[in-house]
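Open the structure in your viewer and keep the selection tool handy. We will go from stop to stop, and at each one you will hear what to select and what is there.

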Amino acid sequence: TALLQGKFAVVTGAASKRGLGKATAKLFAEHGATVAILDLDEGAAKEAAGDVGPQHVGMACDVTDLEGVKKVFDALAAKWGRIDILVNNAGITQPLKIMDIAPKNYDAVLDVNLRGTLYCSQAVIPHMRSRKEGKIVNLSSVSAQRGGGIFGGPHYSAAKAGVLGLTKAMARELAPDNVRVNAICPGFIATDITGGMLTPEKLEEIKLGIPMGRAGTADDVAGCALFLASDLSAYVTGSEVDVNGGSLIH
Ligand code: NAD
């Protein structure tokens, strides 16, 4: 059962209590990995790491800050001697219509979801390349594939579609170095990303569009991340894996 024994993993945006990142960090740890939980607030990151277990690390890291990202990843590589796995999970969304997307909305959503994925990948790639081993898992969304229509606005769909393009291009470029890069496209998962802006009526409407008839759980996504981060997926790269209860059968 220890699919990640002796591995070292970094999960961004993983302090959120009911979030996909924390569930992923926990599952990785249960499978033998040592994890670093990065998030905006240092206290929250350390608390989340403590919940996972004493050997895990919590650090402040804004994924949109290139210099800050480099410092954090270099510190982790120095501490651990290696980084085997990166999960680019930090993300934000906003329920806006196309004409309501102001420059600041565009910047915020594109920066965290897309720029952050680029920066954290750039920070970890040299370490992975030098050891000819690594796995990067990026959180995209069903919103990228079906043009939103769940919660996030068009800028969120665009950012997550950008994550898919970046995933595939990185997978192609890094494959010769034995670094695999894949994306997960979750459907509707019950977390705090909607920031209390999801009404009970909207929730029922969303559920009607899900063949499995329920929202996903953070553990549903964590299981897929474990597959992509472990050798179970040894020949999988550049793929997008749907975790959506059948919301996008095509
Ligand atoms: P969440 O809001 O529970 O957690 C996201 C975390 O990212 C938070 O802890 C937040 O502090 C952190 N974060 C925000 N900006 C950051 C920054 N600049 N640097 C570092 N950390 C930052 O969200 P979640 O639902 O767990 O979502 C996790 C990922 O999955 C996101 O990328 C999201 O877009 C994606 N996703 C979620 C769903 C869903 O239904 N919940 C569906 C599809 C995709």
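**Stop 1: a loop with an unusual backbone angle**

A word before we set off: this is a predicted model. Begin with lysine 132, which is found in the loop between H4 and E5. Its phi is positive, about 55°, although lysine 132 is not a glycine. For comparison, most residues other than glycine have a negative phi. Is lysine 132 buried or exposed? Lysine 132 is exposed, because 10 other C-beta atoms lie within 10 Å, and the cut-off for exposed is 12 or fewer.

Now select asparagine 178, placed in the loop between H6 and E6. Asparagine 178 also has a positive phi, about 60°, and is not a glycine. With 15 other C-beta atoms within 10 Å, asparagine 178 is partly exposed.

**Stop 2: the sheet**

Next, colour the strands. Seven of them form an open sheet, in the order E3-E2-E1-E4-E5-E6-E7, and the pairing is parallel. Strand E3 (57-60) and strand E7 (240-243) stand at the edges with a single partner strand each, so one side of each has no neighbour in the sheet. From one strand to the next, the twist averages 20°.

Add helix H2 (residues 42-52) to the view: H2 packs on the sheet and touches strand E2 (34-39) and E3. The direction of H2 makes about 170° with that of E3. Then add helix H6 (residues 154-174), which packs on the sheet too, touching E5, E6 and E7. Here the angle is about 160°, taken between the directions of H6 and E6.

**Stop 3: strand by strand**

Select strand E1 (residues 8-12). Five of its five residues are buried, so E1 is largely enclosed by the rest of the structure. Which way do they point? Phe8, Val10 and Thr12 point one way from E1, while Ala9 and Val11 point the other way. That fits a general pattern: in a regular strand the side chains alternate between the two faces of the sheet.

E1 pairs with E2 in the parallel sense over five bridges, and alanine 9 has valine 35 as its bridge partner in E2. E1 also pairs with E4, again in the parallel sense, over three bridges. There, valine 11 stands opposite valine 87 in E4.

Move on to strand E4 (residues 85-88), which is covered on both faces. Ile85 and Val87 lie on one side, Leu86 and Asn88 on the other, and all are buried. Four bridges join E4 to E5, and the two run parallel; look for leucine 86 opposite isoleucine 136 in E5. Strand E5 (residues 134-139) is in turn joined to strand E6 (residues 179-186) by six bridges, also parallel. Asparagine 138 stands opposite alanine 183 in E6.

**Stop 4: the nonpolar core**

How many residues does the largest nonpolar core have? It has 70, and Ala9, Ile37 and Ala225 have the most contacts inside it. H4 gives the most to this core, with nine residues. In soluble globular proteins, nonpolar side chains tend to be buried together.

Zoom in on isoleucine 37. Leaving out residues up to four places away in sequence, the residues that isoleucine 37 touches include Val11, Ala14, Ala25, Ala45, His56 and Gly58.

**Stop 5: around the ligand**

Display the residues around the ligand. There are 29, of which Gly13, Ser16, Gly19, Gly91 and Thr191 come nearest. What is the make-up of this shell? It divides into 13 nonpolar, 13 polar and three charged residues. Helix H1 (20-30) and helix H4 (103-131) each supply at least two residues of the shell, and H4 gives the most, with three.

**Stop 6: two exposed loop residues**

Finish with leucine 232, in the loop between helix H8 (218-229) and E7. Leucine 232 is exposed, with 10 other C-beta atoms within 10 Å. Leaving out residues up to four places away in sequence, it touches Leu3 and Phe227. Leucine 232 and leucine 3 are 229 residues apart in sequence, yet 8.2 Å apart in space, C-alpha to C-alpha.

Last, select proline 54 in the loop between H2 and E3. Proline 54 counts as exposed, with 6 C-beta neighbours inside 10 Å. Its C-alpha is 9.8 Å from that of threonine 34, and the two are 20 residues apart in sequence.

Notes. Residues are numbered from 1 along each chain as its sequence is written. This is a predicted model: local features need pLDDT of at least 70, side-chain atom pairs count only at pLDDT 80 or more; totals for chains, interfaces and linings use all residues. A residue is near a molecule or strand if its C-beta atom, placed from the backbone, lies within 6 Å of it. Ala, Val, Leu, Ile, Met, Phe, Trp, Tyr, Cys and Pro count as nonpolar, Asp, Glu, Lys and Arg as charged, and the others, Gly among them, as polar. A nonpolar core is a set of buried Ala, Val, Leu, Ile, Met, Phe, Trp, Tyr and Cys residues joined through C-beta atoms within 7 Å. A residue is buried if 20 or more other C-beta atoms lie within 10 Å of its own, exposed if 12 or fewer, and partly exposed in between; C-beta atoms are placed from the backbone. Two residues are in contact if their C-beta atoms, placed from the backbone, lie within 7 Å. Two strands pair if DSSP finds at least two bridges between them. Axes are lines fitted to C-alpha atoms, for helices over the stretch in contact, and angles run from 0 to 180 degrees between N-to-C directions.
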